[in-house]
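Biologist: I am new to this structure. Please take a close look at one part of it, the loops and the strands they join, and then connect that part to the interior.

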Amino acid sequence: MTILFTGSLLTFSACQQESVPSQPGLPYQSSFQRDSDGWVAGITDYGTAQDSIMEFRAAYKRLPAPLDTTRKSLMLESMNRSDDAFMFIKKKVTGLQPNNDYSLLFEIELASKYGTNSIGIGGSPGGSVYLKAGASAVEPVKELKDGFYSLNVDKGAQNNDGTAAILLGNIGAGDDVTDYKLITRTNTDKPFTARTNAQGELWLLVGTDSGFEGLTTLYYSSIKVTTRSIN
């Protein structure tokens, strides 16, 4: 199942491409102040035996205190029962040059309350939860094979890059953190190259690959993607 953000409520729907609003062209930027801007949430990298205990939730809601609670965000939360959960959001971009390579730079702002060097079950709640971003010509969808849910595109494992997503860093908000803080992660030193499909489309992908076996609750408050065509 995937989650389509609708206002302040959750609409649970099957993974259908037509249910995902698209964005014409790039560059792209949203701070989610009017709505969820068409992003869809999901979770993978766990077994069917853990289906009922992942406690995955996603919602369009205000940032938590002590941050500016007048600002809106996309909240994702789950218990990492598999020691490898991947919580993600995706969005289709249209109106690009067909079958063309683009160099993408991501700037992602999110609220985290997890210490960079904190200690937790299986790994650090901050340092062992890795933020990734990328894009693919095909829609990233959840697939079931041999009792395990995975993503149909290569987002890489844990802190390793994949062909559809690269590492931007971890969600650590600093030392001795107890309250939510806004952090920003970018790939300005490592542009990501993606090739559009024959219809001039790309699917943007942002998510966290977790090595911490506990509850993670994050709030995405801004996503910016700039690009240039590669000749």
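**Loops, a sheet and the interior**

Modeller: Glu55 is partly exposed, with a relative accessible area of 44%. (Buried means under 20% relative accessible area, exposed over 50%, and partly exposed in between, using a 1.4 Å probe and protein chains only.) This is a predicted model, where local features need pLDDT of at least 70, side-chain atom pairs count only at pLDDT 80 or more, and totals for chains, interfaces and linings use all residues. Residues are numbered from 1 along each chain as its sequence is written, and side-chain values use heavy atoms, without hydrogens and water.

Glu55 sits in the loop between β6 and β7. (Strands are DSSP runs of E, at least two residues long; helices are runs of H or I, at least four; both are numbered from the N terminus.) Glu55 is not a glycine, yet its phi is positive, about 55°.

Gln50 belongs to the loop between β6 and β7 too. Beyond its neighbours within four places in sequence, Gln50 contacts Arg81 and Ser82. (A contact is heavy atoms within 4.5 Å.) Gln50 and Ser82 are 32 residues apart along the chain, but 7.5 Å separates their C-alpha atoms.

Now step back to the other side of β6. Asp45 lies in the loop between β5 (40–44) and β6. Asp45 also has a positive phi, about 70°, without being a glycine. Is Asp45 buried or exposed? Asp45 is buried, at 6% relative accessible area.

Next comes the sheet. It is open, with three strands in the order β6-β13-β12 and antiparallel pairing. (Two strands pair if DSSP finds at least two bridges between them.) β6 (46–47) and β12 (142–145) are the edge strands, each paired on one side only. Two bridges link β6 to β13 (residues 148–151) in the antiparallel sense. Across that pairing, Tyr46 stands opposite Tyr149 of β13.

Two other loops hold cis peptide bonds. One joins Leu26 and Pro27, with omega about 10°. Pro27 is in the loop between β3 (22–24) and β4 (28–30). The other runs from Ala65 to Pro66, with omega near 10°. Pro66 lies in the loop between β7 (57–62) and β8 (72–79).

Now the interior. In soluble globular proteins, nonpolar side chains tend to be buried together. Here the largest nonpolar core has 53 residues. (A nonpolar core is a set of buried Ala, Val, Leu, Ile, Met, Phe, Trp, Tyr and Cys residues joined through side-chain atoms within 4.5 Å.) Trp39, Ile89, Leu104 and Tyr220 are among those with the most contacts inside it. Strand β10 (residues 101–112) gives this core its largest share, six residues. Another core, of seven residues, lies apart from it and includes Phe86, Phe88, Val153 and Leu205.

Which residues does Tyr220 touch, leaving out those up to four places away in sequence? Among them are Phe32, Leu76, Ile89, Ile108, Leu131, Val206 and Thr208.

Thr208 also helps line the largest cavity, with Ser78, Asn80, Met87 and Val129 among its other lining residues. (On a 1 Å grid over the protein atoms alone, a cavity is a set of points where a 1.4 Å probe fits but cannot get out; lining residues have an atom within 4 Å of a point.) The structure holds one cavity of 30 Å³ or more. The largest has a volume of about 50 Å³. (Grid points are joined across faces, edges and corners, and the volume is the space filled by probe spheres set on them.) Its lining divides into three nonpolar, six polar and no charged residues. (Ala, Val, Leu, Ile, Met, Phe, Trp, Tyr, Cys and Pro count as nonpolar, Asp, Glu, Lys and Arg as charged, and the others, Gly among them, as polar.)

How values were computed. On a 1 Å grid over the protein atoms alone, a cavity is a set of points where a 1.4 Å probe fits but cannot get out, and a pocket is an open set with protein on both sides within 12 Å along at least five of seven lines; lining residues have an atom within 4 Å of a point.
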